[in-house]
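Here are a few exercises to work through with the viewer open. Try each task yourself, then go through the solution.

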Amino acid sequence: MAFLEASMVNKIYHDKKKQEIVALSNFTLSVEEREFITIIGPSGCGKSSFLFLAAGLEPLTSGVLKFNGKPVKGPDPLSAMVFQEYLLFPWKTVRENIEFGPELRHVSKKQRRESSCNLIKMVGLGGFENRYPNELSGGMQQRVSIARALANKPQLILMDEPFGALDALTRETLQIELLKIWQQAKCTVLFVTHSIPEAVYLADRVVVVSKRPGTIKEIVDIDLPRPREREMFTSPSFIEYERYLKNLILEEI
Amino acid sequence: MDGSTKGLSRPVVMVNGTDLFCFSRSLFNRSKKLLSPLICLGVWELIVRLEFINPFFCPAPTSIVKELYVLLFTGELWMHLGDSVSRAVCGYFLASLLGVGVGLLVAWSRFVEDLIDPLIELIRPVSTFAVIPIFFIWFGIGDVSKVLIITKACFFPIVLNTIAGIKGVDPKLIQAARSLGAEGIALWTRVLIPSALPMILTGMRVATSMSVTTLVGVEMLSADSGIGFMVIDAQRVFATEKMFAGILILSALGFSFDRVARLVQHRVLAWHKGV
Ligand SMILES: Nc1ncnc2c1ncn2[C@@H]1O[C@H](COP(=O)(O)OP(=O)(O)O)[C@@H](O)[C@H]1O
Ligand SMILES: [Mg+2]
């Protein structure tokens, strides 16, 4: 039994005119524990929808979706989501944002403080504990958002184009740090992105989704050694993966 | 009024030229806003003193101030002010309680919304002053109906802003909160209400000025106390100085209510962008 198992998952939305929008059709994917999966595909193909289903934030229309062997029924304490728009609570400081999840789960104040201190250090926000989100740059806000997700000690992290709104340099730093965090926290990551190099650099496997209704077109294993170095971007095998994936995506547009 | 030049005397500390320059510069900048009202007052005083207008119709500012002085010391003002403020404050807080409460219920349940929304839409455009007679018949002409009329006036901006505030919360922010484990009551108290707070407080601030406006109206229509009553009573006996003094107090009341509301708003929303 896989860690996260989706078989023949369908998701149908209804728009305002009651018209059906099939976002996912027969979506089948199994994810092993501690894997790093990236998902790419044309926009509107249902990538975000799949993350929302996996996070238990949206009900599925039909099919089976199991996390840790149990059907996903609602938000699971062991999974956490990170969004492109950061979605921090503007009335909470960095520390309060990070401690929000544990607070809801009645973790003692002392433990919360301890783990938030560690997380703040881990994402490199020392000295900013008491700042409010609107006082931080986009990159820093996304760091807070990642720390906030990690605070619940999740086994599964769902990331929906988390670095999509950041400049190239910040993006690169955060990619490197995310890999470190992933190795440290020993969790599983499902990461949606628009950037093919990002997908290849981070992933164990890249899932290519077809245009709507989203089905899996192909899953590509990335056989590059870890830890991943930035120099890989120019290695022949990296470029070959990139070219291959680009062609797959282009077929869909 | 004879000691008024004392305020203009320079401070008796040693300052060098630039300091003095900066000091008078900042004093000027700060008092700039007061310039045009002061000129108006001066012209007004002059017109009355030179007997271009009969002071009976329009007493000079200094006579109004003198009248205020008298009212302050006879205690008449305090009695009226106390009655007025307690009516406005009671009506306002009742409206805040009801407005936020009903607003949250409407935003929470589709059923309640269908039930209450048409009522709100029907009653809201009706002028508060048009329904005053109904309140008088139902609740008598005492303080109860006065407070309830003020409540009616303050209720709508608060309830509408509460509904709009909750409904306007970014759905993705709600999903982010849910994925962190916020559900049910916690989602409301920890996420929805704090998110909507800026809107709710804006409604409450709008309501403060409504409370004073309505207070004046009801007190002028029917009362035997309160600043509104004092003004209309002074008009009936042609005590124009007292009338003007009362109007001045009412303006100050409206102004200070808004200032208090603004202070609360800024304190609570210190985190909010642009504050
Ligand atoms: N809440 C919703 N209601 C109606 N339609 C939706 C909703 N969420 C997504 N969709 C539709 O489902 C399709 C897939 O959306 P999404 O999963 O966001 O795609 P992606 O993330 O791959 O760009 C799109 O056509 C989108 O318009
Ligand atoms: Mg998306």
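Two strands count as paired if DSSP finds at least two bridges between them. Keep in mind that this is a predicted model.

**Exercise 1. Work out how β9(A) is paired with β3(A) and with β10(A).**

Step 1. Start with β3(A): β3(A) and β9(A) run parallel and share four bridges. That clears the cut-off of at least two bridges.

Step 2. Pick a bridge to check: A:Ile40 has A:Val208 of β9(A) as its bridge partner.

Step 3. Now turn to β10(A). β9(A) and β10(A) are antiparallel, with five bridges, and A:Val208 sits opposite A:Glu218 in β10(A).

Step 4. Look at the connection: a hairpin of six residues links β9(A) to β10(A). The loop between these strands holds A:Pro213, and the peptide bond from A:Arg212 to A:Pro213 is cis, with omega near -5°.

**Exercise 2. Place β9(A) in its sheet and decide whether its residues are buried or exposed.**

Step 1. Read off the strand order. The sheet is open and has six strands, β6-β7-β8-β3-β9-β10 of chain A, with mixed pairing.

Step 2. Find the edges: β6 (79-83) and β10 (216-221) of chain A each pair on one side only. From one strand to the next, the twist averages 15°.

Step 3. Check the other neighbour of β3(A) too. β3 (residues 36-40) and β8 (residues 188-192) of chain A pair in the parallel sense over four bridges, and A:Ile39 has A:Val192 of β8(A) as its bridge partner.

Step 4. Sort the side chains of β9(A). A:Arg205, A:Val207 and A:Val209 point one way, A:Val206 and A:Val208 point the other way, and all are buried.

Step 5. Draw the conclusion: five of the five residues of β9(A) are buried, so the strand is largely enclosed by the rest of the structure.

Step 6. Add the helices. α5 (residues 168-185) of chain A lies across β3, β7 and β8 of that chain, at about 140° to β3(A). α1 (residues 47-54) of chain A lies across β3, β6, β7 and β8 of chain A, at about 150° to β7(A).

**Exercise 3. Describe the sheet β2-β1-β4-β5 of chain A and find what packs on it.**

Step 1. Get the topology: this is an open sheet of four strands with antiparallel pairing.

Step 2. Check the edges. β2 (20-31) and β5 (70-71) of chain A each have a single partner strand, so one side of each is left without a neighbour in the sheet.

Step 3. Test a pair inside the sheet: β1 (residues 4-14) and β4 (residues 62-67) of chain A are antiparallel over five bridges, with A:Ala6 opposite A:Leu65 in β4(A).

Step 4. Look for a helix. α1(A) packs on this sheet, touching β1, β2 and β4 of chain A, and its direction makes about 65° with that of β2(A).

**Exercise 4. Compare the burial of A:Lys18 and A:Tyr86, two non-glycine residues with positive phi.**

Step 1. Take A:Lys18, with phi near 65°, in the loop between β1 and β2 of chain A. Its relative accessibility is 70%, so A:Lys18 counts as exposed.

Step 2. Now take A:Tyr86, with phi near 60°, in the loop between β6 and α2 (94-104) of chain A. Its relative accessibility is 11%, so A:Tyr86 counts as buried.

**Exercise 5. Characterise the contact between α3(B) and α8(B), then follow up B:Tyr92.**

Step 1. Set the geometry. The axes of α3 (residues 76-108) and α8 (residues 184-221) of chain B come within 9 Å and cross at roughly 145°; the crossing is right-handed.

Step 2. List some participants: α3(B) contributes residues including B:Tyr92, B:Val100 and B:Trp108, while α8(B) contributes residues including B:Trp188, B:Met204 and B:Leu215.

Step 3. Sort by class: the contact has twelve nonpolar, four polar and three charged residues.

Step 4. Zoom in on B:Tyr92. At 11% relative accessibility, B:Tyr92 counts as buried. B:Tyr92 and B:Phe93 form an edge-to-face aromatic pair, 5.4 Å centre to centre with 80° between the planes.

Technical notes
Residues numbered from 1 in each chain as written. Chains lettered and ligands numbered in written order. Heavy atoms only, no water. Axes fitted to C-alpha atoms, helices over the stretch in contact; angles between N-to-C directions. Helix = DSSP H or I, 4+ residues; strand = E, 2+ residues; numbered from the N terminus. Left-handed = near helix turned anticlockwise from the far one by under 90°. Contact = heavy atoms within 4.5 Å. Nonpolar A, V, L, I, M, F, W, Y, C, P; charged D, E, K, R; others polar. Buried < 20%, exposed > 50% of the residue type's maximum accessible area, 1.4 Å probe, protein only. Phe/Tyr/Trp six-rings, centres within 6.5 Å; stacked < 30°, edge-to-face > 60°.
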